[in-house]
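Good morning, and thank you for making time for this item. I should like to take you through one structure, beginning with a helix pair and moving on to pockets, a cavity and some local backbone features.

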Amino acid sequence: MNFNTKVIHGGQHHESATGSVNVPVFLTSTFAQKSPGVHSGYEYSRAANPTRQALEDSLASIENGARGLAFGSGLAAIDCVLKLLNPGDEVIAVDDLYGGTYRMFTRLFEKYQLKFTFVNFDDVSKIADVITDKTKLIWVETPTNPLMKLVDIKAVVEVAKGKDILVAVDNTFATPYIQRPIDLGADIVMHSATKYLGGHSDVIAGALIAKDAELGEKLHFIQFASGGILGPHDSYLVLRGIKTLALRMQRHSDNGLAVAKYLETHPAVDKVIYPGLESHPQYELAKSQMKESGGMVSFTFKSSKKEDAVKFLEKVRVFTLAESLGGVESLANHPALMTHASIPAEKRAELGITDDLVRLSVGIEDAEDLIADLEKAFS
């Protein structure tokens with residue numbers, strides 16, 4: 001199947017008892033057995049639920065993986081990946097990453113004797129410089145949050161090749177419509193399915209997709225044993241969101257490019273960070289690795305003043321000042337005060353997450369209305 005067909009039909013089957021076209025929401029904790037240990041494939045909903053299974057099959061299909069798993073949040077999915085590791089293992093992670101991921105790495109798992117090294121992945125050779133015999137995982141975000149850096153997934157996979165190191169990619173910003181990390185050699189793909197996969201700001205969810213069945217089974221055991229599963233109703237919402245993923249992502253990308261081009265011409269704006277602009281330092285990588293450029297745009301002010309960013313964010317009306325991203329509605333965010341506040345100020349400054357940085361999640365409204373809203377907010 002091609003992608004537009006996969007989001008509708010990939011891994012999906014009509015419900016067997018009634019022929020229902022949509023998967024029902026199976027609101028049950030347990031399942032009747034014909035004899036002790038003899039069942040229909042479902043025993044207890046923490047292990048498997050038909051609604052969640054339909055979503056997990058869809059996830060595997062759209063990312064070209066062997067096994068999909070759905071979790072109660074994106075962080076629950078990341079937690080599952082880290083539980084593949086043992087005390088003393090080392091993780092190399094991209095330096096510019098989601099604040100919640102950074103918080104989990106440094107404030108939760110470091111105390112269990114996992115070592116995290118944060119590296120600028122612009123130069124992939126820097127990864128090789130810090131690999132040791134204890135390195136077991138390389139954690140990638142591309143594009144990164146919020147600085148929209150790109151990571152050459154193929155190059156990272158090549159560095160890890162033959163070294164018993166897993167490569168995991170947070171594909172939240174791009175989605176499988178734009179890039180498919182498993183096709184580029186990654187072992188695990190992670191999504192905050194709260195964002196573009198769900199797409200309507202009405203569910204909290206996470207997802208993992210494993211490249212091969214053996215790794216998928218290991219992750220499923222951790223999911224089952226730890227219990228961070230996604231409930232059936234939320235699974236239904238994410239599955240429904242996936243069905244329009246291709247349509248929405250194309251619109252997000254078209255609007256994102258229009259907004260980015262507008263911002264580049266505004267006299268109050270200093271720097272616009274968007275992979276679809278030729279001014280992006282990794283524009284050529286974006287063209288080779290990504291089908292489109294997505295709906296996430298970051299920018300700074302010529303004044304460099306936090307006050308100007310705050311004033312701007314207080315005046316938007318079509319854009320909503322709120323955390324999160326990826327919904328049909330446009331959102332605006334101040335990373336230093338909101339999504340990345342858990343990162344120490346000195347670390348933010350080192351990365352370039354300045355106090356005047358604004359991150360936009362460009363929705364699927366009419367681009368003209370979005371630009372008009374931005375224009376008023378600048379005034």
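Helix H10 passes helix H14 in a right-handed crossing. What we are viewing is a predicted model. H10 covers residues 245-265 and H14 covers residues 367-378; their axes come within 10 Å and cross at roughly 30°. On the H10 side, the contact is made by Asn-255, Ala-258, Val-259, Tyr-262 and Leu-263. H14 contributes Ala-367, Leu-370, Ile-371, Leu-374, Glu-375 and Phe-378. Sorted by class, this contact has nine nonpolar residues, one polar and one charged.

H10 appears again when we turn to helix H9, residues 232-242: what covers the buried residues of H9 includes helix H1, helix H2 and H10. Which residues of H9 are buried? They are Pro-232, Ser-235, Leu-237, Val-238, Leu-239, Gly-241 and Ile-242.

Let me now turn to the pockets. The largest pocket holds about 530 Å³ of space. It is lined by 23 residues, and those closest to its centre are Gln-12, His-13, His-14, Glu-15 and Val-23. H1, H2 and H9 are the elements that each give two or more residues to this lining. H2 gives the most, with four residues. The lining of the largest pocket divides into ten nonpolar, nine polar and four charged residues.

The second largest pocket holds about 430 Å³. Of its 25 lining residues, Tyr-98, Ser-192, Thr-194, Lys-195 and Ser-324 are the closest to its centre. Helix H3, residues 74-82, supplies the largest share of this lining, three residues. By class, the lining of the second largest pocket has nine nonpolar, ten polar and six charged residues.

Ser-324 deserves a further word. This residue sits in the loop between strand S10 and strand S11, and has a positive phi of about 80° although it is not a glycine. Is Ser-324 buried, partly exposed or exposed? With a relative accessibility of 27%, Ser-324 counts as partly exposed.

A second positive phi in a residue other than glycine belongs to Asp-164, with a value near 55°. Asp-164 lies in the loop between helix H6 and strand S5. Asp-164 is exposed, because its relative accessible area is 62% and the cut-off for that class is over 50%.

Next, the cavity. A search of the whole structure finds one cavity of 30 Å³ or more, and the largest cavity has a volume of about 40 Å³. Its lining consists of Pro-143, Met-148, Phe-173, Ala-174, Ile-178, Met-290, Ser-293, Gly-294, Gly-295 and Met-296. Seven of these lining residues are nonpolar and three are polar, with no charged residues.

Pro-143, one of the residues lining that cavity, is joined to Thr-142 by a cis peptide bond, with omega about -10°. Another cis peptide bond joins Asn-145 and Pro-146, with omega about 10°. Pro-143 is placed in the loop between strand S4 and H6, and Pro-146 is likewise in the loop between S4 and H6.

I shall close with S4, residues 135-141, where Leu-137 is found. Leu-137 is buried, with a relative accessible area of 1%. Beyond its neighbours up to four places away in sequence, Leu-137 touches Val-81, Leu-82, Leu-85, Glu-90, Val-91, Ile-92, Ile-165, Leu-166 and Ala-168. The C-alpha atoms of Leu-137 and Glu-90 are separated by 6.9 Å, although these residues are 47 apart along the chain.

How values were computed: Residues are numbered from 1 along each chain as its sequence is written. This is a predicted model: local features need pLDDT of at least 70, side-chain atom pairs count only at pLDDT 80 or more; totals for chains, interfaces and linings use all residues. Side-chain values use heavy atoms; hydrogens and water are left out. Axes are lines fitted to C-alpha atoms, for helices over the stretch in contact, and angles run from 0 to 180 degrees between N-to-C directions. A crossing is left-handed if the near helix is turned anticlockwise from the far one by less than a right angle, and right-handed if clockwise. Contact means heavy atoms within 4.5 Å. Ala, Val, Leu, Ile, Met, Phe, Trp, Tyr, Cys and Pro count as nonpolar, Asp, Glu, Lys and Arg as charged, and the others, Gly among them, as polar. On a 1 Å grid over the protein atoms alone, a cavity is a set of points where a 1.4 Å probe fits but cannot get out, and a pocket is an open set with protein on both sides within 12 Å along at least five of seven lines; lining residues have an atom within 4 Å of a point. Grid points are joined across faces, edges and corners, and a volume is the space filled by probe spheres set on the points. Buried means under 20% relative accessible area, exposed over 50%, partly exposed in between (1.4 Å probe, protein chains only).
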